[in-house]
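Work through the exercises below with the sequence and the structure open. Try each task before reading its solution.

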Amino acid sequence: EAAVREFPEIEPAVEGIVSRIEKLSRYLEKSGIDSLARHDLGVGEYKVLVRLRLAGAPYRLSPTDLSKELMLSSGAMTNRLDRLEERGLVARKPEPRDRRGILVELTERGSEVLASSVREQAALESRLVGDLTADEKQRLNDLLRTLLRDFQELLGPPPRRRHPDD
């Protein structure tokens, strides 16, 4: 109310929408970071494990491909892979078609840690929106999709978030 009084060009309904989305975003980001921490993962490490899993069986990619997909320097990727390999979550394997090449492979342990963290976060997210009916969830999803499309048309692709281990 004070902001609208001082800045009459502010539309209260719009300000409420933007403010609530921003707060929800912070809650979701914190819950994700906290959930990953319980699995001893940082956001950046999680992104590597997800990329490997989404590559499909046998869940392996070259370090160069991972660097490109995650928009990281080769040095940053090497550091991240070193940490993951030390913990047995990934393994570096020789590229069968190129003796000089290396592939990064998601280990069974890495797959288990990833699946556990995804299950935990999915369960939490379900609880967070649990008060909405199925119809309300669908309507909200449709509205947010429309809003996101409008944002993208006006502002371009969303900026990347920077996390401490990115």
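**Exercise 1.** Does Glu 105 count as buried or exposed, and at what relative accessibility?

*Solution.* The model is predicted, so local features need pLDDT of at least 70 and side-chain atom pairs count only at pLDDT 80 or more, while totals for chains, interfaces and linings use all residues. Residues are numbered from 1 along each chain as its sequence is written, and side-chain values use heavy atoms, with hydrogens and water left out.

Step 1. Take the cut-offs: buried means under 20% relative accessible area, exposed over 50%, and partly exposed in between (1.4 Å probe, protein chains only).
Step 2. Glu 105 counts as buried because its relative accessibility is 15%.
Step 3. Place the residue: Glu 105 lies in strand E3. Helices (H or I, at least four residues) and strands (E, at least two) are DSSP runs, numbered from the N terminus.
Step 4. Strand E3 covers residues 102-106, and four of its five residues are buried.
Step 5. List the contacts, where contact means heavy atoms within 4.5 Å. Leaving aside neighbours within four places in sequence, Glu 105 is in contact with Leu 52, Pro 58, Tyr 59, Arg 60, Leu 89, Val 90, Ala 91 and Lys 93.

**Exercise 2.** Find the order of the strands in the open sheet.

*Solution.*
Step 1. Two strands pair if DSSP finds at least two bridges between them.
Step 2. Strand E1 (residues 60-61) is joined to E3 by two bridges, and the two run antiparallel. Here Arg 60 has Glu 105 as its bridge partner.
Step 3. Strand E2 (residues 90-94) pairs with E3 over five bridges, also in the antiparallel sense. In this pairing Ala 91 stands opposite Glu 105.
Step 4. The three strands therefore have the order E1-E3-E2 under the pairing rule. E1 and E2 are the edge strands, each pairing on one side only.
Step 5. Add the helix: H5 packs on the sheet and touches E2 and E3, and its direction makes about 110 degrees with that of E2. Axes are lines fitted to C-alpha atoms, for helices over the stretch in contact, and angles run from 0 to 180 degrees between N-to-C directions.

**Exercise 3.** Which elements supply at least two residues each to the largest nonpolar core?

*Solution.*
Step 1. A nonpolar core is a set of buried Ala, Val, Leu, Ile, Met, Phe, Trp, Tyr and Cys residues joined through side-chain atoms within 4.5 Å.
Step 2. The largest one has 20 residues, and Val 48, Leu 49, Leu 52, Leu 66 and Met 77 have the most contacts inside it.
Step 3. The elements asked for are helix H3 (43-54), helix H4 (63-70), helix H5 (74-86), E3 and helix H6 (108-128). H3 gives the most, with five residues.
Step 4. As one example, the residues that Leu 49 touches include Leu 84, Val 90, Leu 106 and Leu 114.

**Exercise 4.** Which peptide bond is cis, and what is its omega?

*Solution.*
Step 1. Most residues other than glycine have a negative phi, and most peptide bonds are trans.
Step 2. The bond from Ala 57 to Pro 58 is cis, with omega near 10 degrees. Pro 58 is in the loop between H3 and E1.
Step 3. Tyr 59 is in the loop between H3 and E1 and has a positive phi, near 60 degrees. Tyr 59 counts as partly exposed because its relative accessibility is 27%.
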